[in-house]
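Hello,

Here is the structure I promised to pass on. My notes follow below it.

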Amino acid sequence: MSTYTFPKDFLWGGAIAANQAEGAYLEDGKGLTIVDLLPSGEKRRSMMKGDVPSLTPLPDLFYPSHEAIDFYHRYPEDIALFAEMGFKALRVSIAWSRIFPTGEDTQPNEAGLKFYDNLFDECLKHGIQPVVTLAHFDVPVHLIETYGSWRNRKLVGLFETYAKTVFTRYKDKVKYWMTFNEINMLLHLPFLGAGLVFENGVIDKQIQYQAAHHQLVASALVVKACHEIIPDAKIGCMLAAGSFYPYTCNPEDVFQAMQKDRESYFFIDVQSRGEYPAYAKRFFADHQLKIEMEPEDEAILKNHTVDYIGFSYYSSRTTSTDPEVIKNTTSGNVFGSVANPYVAKSEWGWTIDPKGFRITANQLYDRYQKPLFVVENGLGAVDEVTPDGEIIDDDRIDYLRRHIAEMAEAIKDGVEIIGYTSWGPIDIVSASTGEMKKRYGYIYVDRDNEGNGTLKRIKKKSFAWYKNVIQSNGQNLGSE
Ligand code: BGP
């Protein structure tokens with residue numbers, strides 16, 4: 001038993017996203033969304049960045065989101081398993097294109113609304129709080145085609161309409177909301193993060209930051225709407241977090257690490273403090289960026305800041321100004337990081353750094369002084385099913401145990417953390433690679449990278465482990 005103390009009503013649970021779990025990609029009137037256009041295989045990476053040759057799925061490619069793990073039909077069974085582990089919270093996203101298939105329909109799609117009614121009811125029946133992200137890598141494709149997605153201010157009003165529709169519909173069922181998943185992903189994978197397509201795949205910073213401004217205004221407007229429609233709800237932002245370390249104490253490295261962190265903090269500074277930070281103004285000037293803003297934007301951003309800071313943490317990041325050092329990068333890390341010799345790596349090259357979790361949580365809390373919600377954390381790894389049908393995922397347990405222990409240390413440091421929803425409590429499609437092989441779950445799903453398999457659910461060893469963690473409110477993390 002540990003000496004860790006978690007708050008009494010700490011929100012233990014798991015997190016998934018509509019586009020990686022639901023499947024049923026055209027069922028009950030749903031429109032196409034970003035991820036429905038992302039095939040598995042080598043084209044995926046350049047498409048996620050904005051090199052998108054076709055806005056319709058092509059016949060000879062495999063699109064893993066189209067069926068995903070069929071959560072759309074199997075959610076009662078899956079939620080019962082989450083309940084068996086004792087989940088207090090389940091983070092899901094609403095697929096915008098289930099509610100407004102084109103994004104600008106005059107009426108919402110009742111079948112889509114009904115699906116989430118049923119899903120939330122199922123959670124509540126088991127005493128599980130739904131935590132809902134409004135946009136998890138999600139823009140209806142019609143809006144990408146017609147307006148160029150978030151580069152166009154038109155999206156602000158359409159997103160507000162969507163958000164108001166779901167706030168009104170689910171106001172008695174959902175008390176925790178988030179605006180944009182990993183909003184800073186827009187800078188790294190602009191098509192995945194914000195539906196931005198670039199001519200010849202050449203990323204244009206002007207368009208990126210204009211789109212960011214539109215998302216930030218939209219985020220503030222939906223915070224306002226949420227507070228008006230559901231006064232007892234909390235609504236947060238969501239950052240792909242993981243602090244940058246300088247590779248050495250050379251001031252050049254230290255300064256660069258600070259700048260890299262600011263690329264991400266930029267978004268949260270606006271969402272949480274309500275204004276563009278001073279350094280952003282210099283950045284815009286240095287890059288000759290001219291962001292169009294409406295006169296009312298300043299007040300909108302200022303008056304409607306988020307209630308909490310949601311974030312994902314998988315890895316820390318390391319940066320260097322030394323041309324020799326930067327030759328040695330870690331693969332698979334969307335954020336680009338040089339290899340850190342002090343920490344291990346996952347099979348996909350993602351840095352494994354539990355202490356970095358404590359550091360990141362402390363830095364976020366120091367900066368924003370608002371409650372934090374850890375809404376993603378976990379280890380993507382290959383799982384083998386033994387001949388007796390067991391999955392012994394000790395590496396995953398080890399990763400999670402060490403991270404939860406550091407989270408507990410952060411709480412002891414005085415950081416206010418309201419919950420922890422680990423990523424992919426049931427195996428789902430990987431966002432970055434489209435693979436099923438990259439698994440995060442406590443529950444195995446029988447499906448492979450090519451879409452073969454029965455979709456049967458099997459409990460892994462970590463299932464019982466996490467159940468114990470929750471039951472003991474973090475006291476029992478198991479032995480090393
Ligand atoms: C985050 C996303 C998730 C997700 C997770 C793990 O970036 O918010 O959607 O999938 O990372 O990444 P991956 O699936 O690429 O392993």
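A residue counts as near the ligand if one of its heavy atoms lies within 4 Å of it. There are 15 residues around the ligand, and Gln 20, Glu 182, Ala 431, Ser 432 and Tyr 440 come nearest.

This is a predicted model: local features need pLDDT of at least 70, side-chain atom pairs count only at pLDDT 80 or more, and totals for chains, interfaces and linings use all residues. Residues are numbered from 1 along each chain as its sequence is written, and side-chain values use heavy atoms, with hydrogens and water left out.

**Ligand contacts**

Three side chains make polar contacts (here, pairs of N or O atoms within 3.5 Å) with ligand oxygen atoms:
- Glu 182, at 2.5 Å.
- Lys 438, at 2.8 Å.
- Trp 423, at 3.4 Å.

**Helix pairs**

Helices are DSSP runs (H or I, at least four residues), numbered from the N terminus. Axes are lines fitted to C-alpha atoms over the stretch in contact, with angles from 0 to 180 degrees between N-to-C directions.

Helix α14 (residues 394-412) and helix α15 (residues 461-471) have axes that come within 9 Å and cross at roughly 20°. They are therefore roughly parallel (angles under 35 degrees). Contact means heavy atoms within 4.5 Å. In α14, Ile 397, Leu 400 and Ile 404 are among the residues that meet α15, whose side includes Trp 465 and Val 469. The contact residues divide into 6 nonpolar, 1 polar and 4 charged.

For helix α5 (residues 110-125) and helix α7 (residues 154-170), the axes come within 11 Å and cross at roughly 45°.

Best wishes

Key. Helices (H or I, at least four residues) and strands (E, at least two) are DSSP runs, numbered from the N terminus. A polar contact is a pair of N or O atoms within 3.5 Å; within protein, one must be able to donate a hydrogen and the other to accept it, and residues adjacent in sequence count only if both atoms are side-chain atoms. Angles under 35 degrees count as roughly parallel, over 145 as roughly antiparallel, 65 to 115 as roughly perpendicular and the rest as oblique. Ala, Val, Leu, Ile, Met, Phe, Trp, Tyr, Cys and Pro count as nonpolar, Asp, Glu, Lys and Arg as charged, and the others, Gly among them, as polar.
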